[in-house]
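This report goes through one protein model, from its overall form to single residues. Please keep the sequence and the structure in view while reading.

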Amino acid sequence: MAKNPKLIILLYHKIDNYPKNAKFPGLYVAEKDFDRQIKYLKNSGYLFLTLSELKALYDYYFTNGKKSGIIPDLISKRGRYVSLTFDDGSRSVYSNGFKILKENGVKATVFMVSGLVDGINEWDLKNGENRDKMLNMCELKEMAEYGIEIGAHTDTHPHLTLISAEEAYREISVSKKKLEDSLNTDINFFAYPYGDYNEETERLVGEAGFNGACITKTGIVKRGADFFALKRVAIRHNTDFFKFKRKIFKVKLFY
Ligand SMILES: [Zn+2]
């Protein structure tokens with residue numbers, strides 16, 4: 001068993017070509033790039049985990065040493081683990097990304113804006129971004145059945161620190177409840193829209209019953225990690241293969 005496991009969470013948004021007029025090109029990763037990244041991680045000995053599996057593994061390595069039911073199959077001899085996360089719930093994750101996940105036999109976690117299931121990216125349109133379709137419930141169910149973990153990303157994608165605590169709690173708890181009711185499963189992880197969080201929002205996410213939450217600051221998950229502020233590594237349209245490898249290498253060394 002590796003003594004110092006590397007638990008890396010990658011952050012993606014859309015799996016699609018970057019349209020030249022996009023306001024936020026960083027939200028796009030092309031299919032061929034995504035496929036190459038997954039294959040590279042696989043060939044480098046990384047095991048792909050959902051966030052709930054990552055938490056179980058973290059507890060095993062760093063907290064209690066207990067092997068829960070799912071753990072034995074998940075132990076990587078080289079201690080390399082990666083969780084792919086997709087924020088927002090763009091339909092491109094299903095239409096372009098899902099087949100790549102299946103072909104490579106890997107899992108991931110999708111953070112869905114619960115009030116925009118089968119809708120469009122309303123919060124992005126306000127910021128000047130192109131219109132994008134969101135996942136519908138059939139697609140979410142199909143991905144969940146395959147083993148993809150569905151997480152919550154609020155109900156309408158607000159900046160949680162700019163609204164009242166009552167409203168923030170409603171956004172956080174409603175997104176959990178709506179997705180749990182529709183998918184008939186526990187929703188255990190959360191991602192803060194825009195990576196916008198503070199001590200209070202962390203507390204509210206805990207009170208709503210989540211096991212952890214992701215932010216957008218760069219880093220890996222190591223001993224002593226704050227599970228309500230999990231760091232990630234953002235992958236963008238301009239993260240070419242060389243940059244991708246360098247990002248993975250650097251984050252292990254310096255964060
Ligand atoms: Zn988002």
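What radius of gyration would a compact globule with 255 residues have, and what does the protein have? A compact globule of that length would come near 18 Å, and the protein has 17 Å, so the two agree. The model is a predicted one.

## Overall form

The C-alpha trace spans about 45 × 40 × 35 Å along its principal axes. The protein contains eight helices and ten strands. Of the 255 residues, 53% are buried. Among contacts with a separation of 6 or more, 68% are between residues 24 or more positions apart.

## Surface and charge

About 11600 Å² of the protein is exposed, and 48% of this area comes from carbon and sulfur atoms. The side chains include 40 positive and 33 negative ones. The centres of these two sets are 10 Å apart.

## The zinc site

Which residues coordinate the zinc ion? They are Asp88 through OD, His153 through NE2 and His157 through NE2, at 2.0 to 2.1 Å. Along the chain, the donors of the zinc ion have the spacing D-x64-H-x3-H. Asp88 and His153 link distant parts of the chain, being 65 residues apart. Asp88 belongs to strand E5 (residues 80–88), whereas His153 is in the loop between strand E7 (149–152) and helix H6 (165–183).

Are Asp88 and His153 buried or exposed? Asp88 has 8% relative accessibility and therefore counts as buried. His153 has 1% relative accessibility, so His153 is also classed as buried.

## Tyr192 and its surroundings

Tyr192 sits in the loop between strand E8 (189–191) and helix H7 (199–207). Its relative accessible area is 0%, so Tyr192 is buried. Leaving out residues up to four places away in sequence, Tyr192 touches His153, Leu160, Tyr197, Thr201, Glu202, Val205, Ala213, Cys214, Ile215 and Phe228. One of these, His153, is also a zinc ligand.

How far apart in space are Tyr192 and Cys214, C-alpha to C-alpha? The distance is 6.5 Å, with their positions 22 residues apart in sequence.

## Val106 and its surroundings

Val106 is placed in the loop between helix H3 (92–104) and strand E6 (109–112). Its relative accessibility is 3%, and Val106 therefore counts as buried. Apart from neighbours within four places in sequence, the contacts of Val106 are Ile38, Lys42, Phe48, Leu84, Leu101 and Tyr146. The C-alpha atom of Val106 is separated by 8.0 Å from that of Leu49, a residue 57 residues apart from Val106 along the chain.

## Two residues with positive phi

Thr154 is not a glycine, yet its phi is positive, at about 70 degrees. Thr154 lies in the loop between E7 and H6, the loop that also holds the zinc ligand His153. With 0% relative accessibility, Thr154 counts as buried.

Asn184 is likewise not a glycine and has a positive phi, of about 55 degrees. Asn184 is located in the loop between H6 and E8. Why does Asn184 count as exposed? The relative accessible area of Asn184 is 72%, and exposed means over 50%.

Key: Residues numbered from 1 in each chain as written. Predicted model: local features only at pLDDT ≥ 70, side-chain atom pairs only at ≥ 80, totals over all residues. Heavy atoms only, no water. Donors = N, O, S within 2.8 Å, 3.2 Å for Na, K, Ca; no water. Helix = DSSP H or I, 4+ residues; strand = E, 2+ residues; numbered from the N terminus. Buried < 20%, exposed > 50% of the residue type's maximum accessible area, 1.4 Å probe, protein only. Rg over C-alpha atoms; globule rule 2.2 N^0.38 Å. Contact = heavy atoms within 4.5 Å. Areas by Shrake-Rupley, 256 points an atom, 1.4 Å probe, with all protein chains shown as cover. Lys, Arg positive; Asp, Glu negative; His and termini not counted. Charge placed at Lys NZ, Arg CZ, Asp CG, Glu CD.
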